[in-house]
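Trainee: I should like to work through this structure by question and answer. May we begin once it is displayed?

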Amino acid sequence: MDLLNFENPVFTVYVIAASLMVLKVMGQGWMTVHRMLKVGGGWASPEDLRKGLINKNPEPSQLDVNDYVDRSRRMHRNDLENVPAFWVAGLLFVLADPVLLLAKALFYGFVAARLAHFVAYATEQSHEVRATFYTVGSVIVIYMAVHTLWSALV
């Protein structure tokens with residue numbers, strides 16, 4: 001466990017990248033809430049139609065799918081499908097004691113790929129554009145998992 005401390009620069013780089021991804025995932029949730037409040041709709045559950053401080057004039061149409069809100073919700077779901085694998089693979093990769101330059105390229109490469117995916121999704125780029133950034137991040141996570149597995153086996 002000597003590798004899991006801030007004296008290890010690989011761990012420090014991981015902590016920075018992982019923390020940025022925590023902020024991205026949590027921020028995406030807040031972006032969805034902001035969009036729901038902005039349009040007064042796109043609510044997800046029937047109980048959201050109860051009158052309250054936020055929803056003073058509930059109406060059934062507020063449960064209709066709103067693409068502006070749903071786009072953010074889909075981006076959030078995509079993060080939740082991809083970022084946890086990075087957190088796990090990245091931490092295990094730190095334990096494999098990789099070269100710092102490789103770790104920086106992979107950790108920051110994943111962060112850049114996820115941010116590029118966010119921009120592509122938010123600006124309604126084609127699936128091919130989004131898939132390119134997804135693929136970069138996915139290959140990074142797969143590489144880290146294989147590298148770690150190989151290190152553990154040899």
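Trainee: Is Arg71 buried or exposed in this predicted model?

Mentor: The model is predicted, and its values are computed. Residues under 20% relative accessible area are classed as buried. Arg71 has a relative accessibility of 12%, so Arg71 counts as buried.

Trainee: Which residue meets the side chain of Arg71 in a salt bridge?

Mentor: Side chains of opposite charge can pair when their charged atoms come close. For Arg71, the N to O distance in the salt bridge is 3.8 Å. The two residues are 4 apart in helix H2, which means that about one helical turn separates them. The partner, at 40% relative accessibility, counts as partly exposed; the partner of Arg71 is Asp67.

Trainee: With which residue does Asp70 form a salt bridge whose closest N and O atoms are 2.9 Å apart?

Mentor: Asp70 itself counts as buried, because its relative accessibility is 18%. Its side chain also meets that of Arg73 in a salt bridge, with 3.8 Å from N to O, and these two lie 3 residues apart in helix H2. The partner asked for is 4 residues from Asp70 in H2, so about one helical turn lies between them. With the closest N and O atoms 2.9 Å apart, that partner is Arg74.

Trainee: Which residues are joined into one network by salt bridges that share partners?

Mentor: Asp70 is a shared partner here, as it forms salt bridges with Arg73 and with Arg74. Salt bridges that share partners link the residues into one network, whose members are Asp67, Asp70, Arg71, Arg73, Arg74 and Glu124.

Trainee: How many salt bridges does a search of the whole structure find?

Mentor: The pairs named so far include Asp67 with Arg71 and Asp70 with Arg74. A search of the whole structure gives a total of 7.

Trainee: What is the phi of Glu124, which is not a glycine?

Mentor: Most residues other than glycine have a negative phi. Glu124 is in the loop between H3 and helix H4 (127–153), and it counts as exposed because its relative accessibility is 55%. Although Glu124 is not a glycine, its phi is positive, at about 60°.

Trainee: Where is Asp97, another residue with a positive phi, placed?

Mentor: Asp97 is not a glycine, yet its phi is about 55°. Its place is in the loop between H2 and helix H3 (100–122).

Trainee: Which residue takes a positive phi just after H1?

Mentor: H1 has 31 residues and spans 45 Å from its first C-alpha to its last, close to the 45 Å expected at 1.5 Å a residue. Just after this helix, a positive phi of about 65° is taken by Gly40.

Trainee: Which residue caps the N-terminal end of H1?

Mentor: The cap is recognised by a side-chain oxygen that lies 3.0 Å from the backbone nitrogen of Val10. The residue that supplies this oxygen is Asn8.

Trainee: What distance separates the C-alpha atoms of Asn57 and Gly40?

Mentor: Asn57 is in the loop between helix H1 (9–39) and helix H2 (67–95), and it counts as exposed because its relative accessibility is 61%. Asn57 and Gly40 are 17 residues apart along the chain. Their C-alpha atoms are separated by 9.5 Å.

Trainee: Is Asn55 buried or exposed?

Mentor: Asn55 is also found in the loop between H1 and H2. A polar atom of its side chain lies 3.1 Å from the backbone oxygen of Asp48. The relative accessible area of Asn55 is 8%, so this residue is buried.

Trainee: What is the area of the nonpolar surface patch made by Trp30, Val33, Leu37, Leu53 and Ile54?

Mentor: One of these residues, Leu53, lies in the loop between H1 and H2. Leu53 is exposed, because its relative accessible area is 79%. The patch made by the five named residues covers about 620 Å².

Trainee: Which element gives the largest share of the largest nonpolar core?

Mentor: In soluble globular proteins, nonpolar side chains tend to be buried together. The largest nonpolar core here has 21 residues, of which Phe86, Phe107, Phe110 and Met144 touch the most other members. The elements H1, H2, H3 and H4 each give two or more residues to this core. The largest share, 8 residues, comes from H1.

Technical notes:
Residues numbered from 1 in each chain as written. Predicted model: local features only at pLDDT ≥ 70, side-chain atom pairs only at ≥ 80, totals over all residues. Heavy atoms only, no water. Buried < 20%, exposed > 50% of the residue type's maximum accessible area, 1.4 Å probe, protein only. Expected span 1.5 Å × (residues − 1). Polar contact = N/O pair within 3.5 Å; in protein donor to acceptor, adjacent residues only side chain to side chain. Patch = residues over 30% accessible without salt bridge, like charges linked within 9 Å, V, L, I, M, F, W, Y side chains within 5 Å. Areas by Shrake-Rupley, 256 points an atom, 1.4 Å probe, with all protein chains shown as cover. Salt bridge = Lys/Arg side-chain N within 4 Å of Asp/Glu carboxyl O. Core = buried A, V, L, I, M, F, W, Y, C linked by side-chain atoms within 4.5 Å.
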